[in-house]
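Student: I have just opened this one and don't know my way around yet. Could we go through it together, a piece at a time?

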Amino acid sequence: MNRGDICHRLTAAELLDGLGTRRVGRQVIVLPEVNSTNSYALDRLTVEQGAAADGWAVFAEHQTGGRGRLGRSWHSPRGAGLLFTVLLCAGPDRPAPARLVMAAAVAVATGIERSTLVTPVIRWPNDIHAGGKKLAGILVEVRPLTESRWATAVGIGVNCLQHEGHFPPELRGRATSLDLESAQPVDRTAVARAMLRELDVLWSAEPDVSDDDLAAAWKARSADLGARVTLTAEGRTFTGRIADVHPQAGLLLQLDTGARREFDPSKTTRR
Ligand code: BTN
């Protein structure tokens, strides 16, 4: 599937070896197959481990029911991608999904850049692109753990070894992989470790990385500011230029009508 057709399997031991993170990847589980790493983390780990599962990372070589945003599916041939979920069991404040998606996007883009020859860009709300095509996506799901704690599954899917024929017909020409974008062989373990480290930088910082610093890191990796976009929310379509993106407020669109409007990433589709 990659150059030489040898797919090196992920192992927890290699992912953890000298990882050196404080929170993210405290435990790493690698499953040969699961319906969805997000579902496994929320349904199984939080039940078995509760808040002790904070920072655990679940990887799968194959998902039978991989999920994307807005009810879509996430397809990846066995062993071709990085499919993983980091579980965060936060304190009493319900985490802002927009902030988590922005942090994850910065970490995924930075981790890929540090471990490959690819320089990805972030496309609001949750996409990582390379060469103008989708390389990775992020799905954040939040559930109550107890009356005062929340479990958040931050699911990340990165296309690593796919070639054009591996993508479903509707994605051909619109999706890409690290192997397609890179002049050197892709080491999935190295990419995964780099992303876990970058996630840990953002999620074990004390005090928390400020919203302004996170927004600045996000903007440094995105070409979105000022871009002309069409968004759909609440059954209506809006066209304008992206004026700002913020971890709490979401996306601020300068509409063609002259008005400004905020968009919540979890309720917005971008064309
Ligand atoms: C999107 O672009 O719509 C988000 C895709 C997120 C896919 C990942 S793969 C690992 C985790 N488990 C899932 O079922 N989905 C996420």
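Student: How far is the side chain of Asn-126 from an oxygen atom of the ligand?
Tutor: An N or O atom in the side chain of Asn-126 is 3.4 Å from an oxygen atom of the ligand, and please keep in mind that this is a predicted model.

Student: And which residues come nearest to the ligand?
Tutor: There are 21 residues around the ligand, and those that come nearest are Ser-36, Gln-63, Arg-67, Arg-69 and Lys-134.

Student: What about Ser-36, how far is its side chain from an oxygen atom of the ligand?
Tutor: For Ser-36, the distance between a side-chain N or O atom and an oxygen atom of the ligand is 2.8 Å. With Arg-69 the atom concerned belongs to the backbone, where an N or O atom lies 2.7 Å from a ligand oxygen.

Student: Switching to Ser-39, where is that found?
Tutor: Ser-39 belongs to helix 2, which covers residues 37–49.

Student: Is Ser-39 buried or exposed?
Tutor: Ser-39 counts as buried because its relative accessible area is 10%, and the cut-off for buried is under 20%.

Student: Which residues is it in contact with, leaving aside neighbours within four places in sequence?
Tutor: With those neighbours set aside, Ser-39 is in contact with Arg-44 and Arg-67, and Arg-67 is also one of the residues that come nearest to the ligand.

Student: Which strands does helix 2 lie across?
Tutor: Helix 2 lies across strand 1, strand 2 (57–60), strand 3 (81–90), strand 6 and strand 7 (150–159), and its direction makes an angle of about 35° with strand 3.

Student: How are the strands ordered in the sheet?
Tutor: The sheet is open and has seven strands, placed in the order 1-2-3-7-6-5-4 with mixed pairing. At its edges are strand 1 (28–31) and strand 4 (121–123), each of which pairs on one side only. On average, and ignoring direction, neighbouring strands are turned by 20° against each other.

Student: How many bridges join strand 5 to strand 6?
Tutor: Strand 5 (residues 127–130) and strand 6 (residues 133–144) run antiparallel and are joined by four bridges, and Ile-128 stands opposite Ala-136 of strand 6.

Student: Last one: how many residues of helix 3 are buried?
Tutor: In helix 3, 15 of the 19 residues are buried, so the helix is mostly covered. Helix 3 takes in residues 97–115 and reaches 27 Å from its first C-alpha to its last, close to the 27 Å expected at 1.5 Å a residue.

Key. Residues numbered from 1 in each chain as written. Predicted model: local features only at pLDDT ≥ 70, side-chain atom pairs only at ≥ 80, totals over all residues. Heavy atoms only, no water. Helix = DSSP H or I, 4+ residues; strand = E, 2+ residues; numbered from the N terminus. Buried < 20%, exposed > 50% of the residue type's maximum accessible area, 1.4 Å probe, protein only. Contact = heavy atoms within 4.5 Å. Expected span 1.5 Å × (residues − 1). Pairing = 2+ DSSP bridges. Axes fitted to C-alpha atoms, helices over the stretch in contact; angles between N-to-C directions. Near = heavy atom within 4 Å. Polar contact = N/O pair within 3.5 Å; in protein donor to acceptor, adjacent residues only side chain to side chain.
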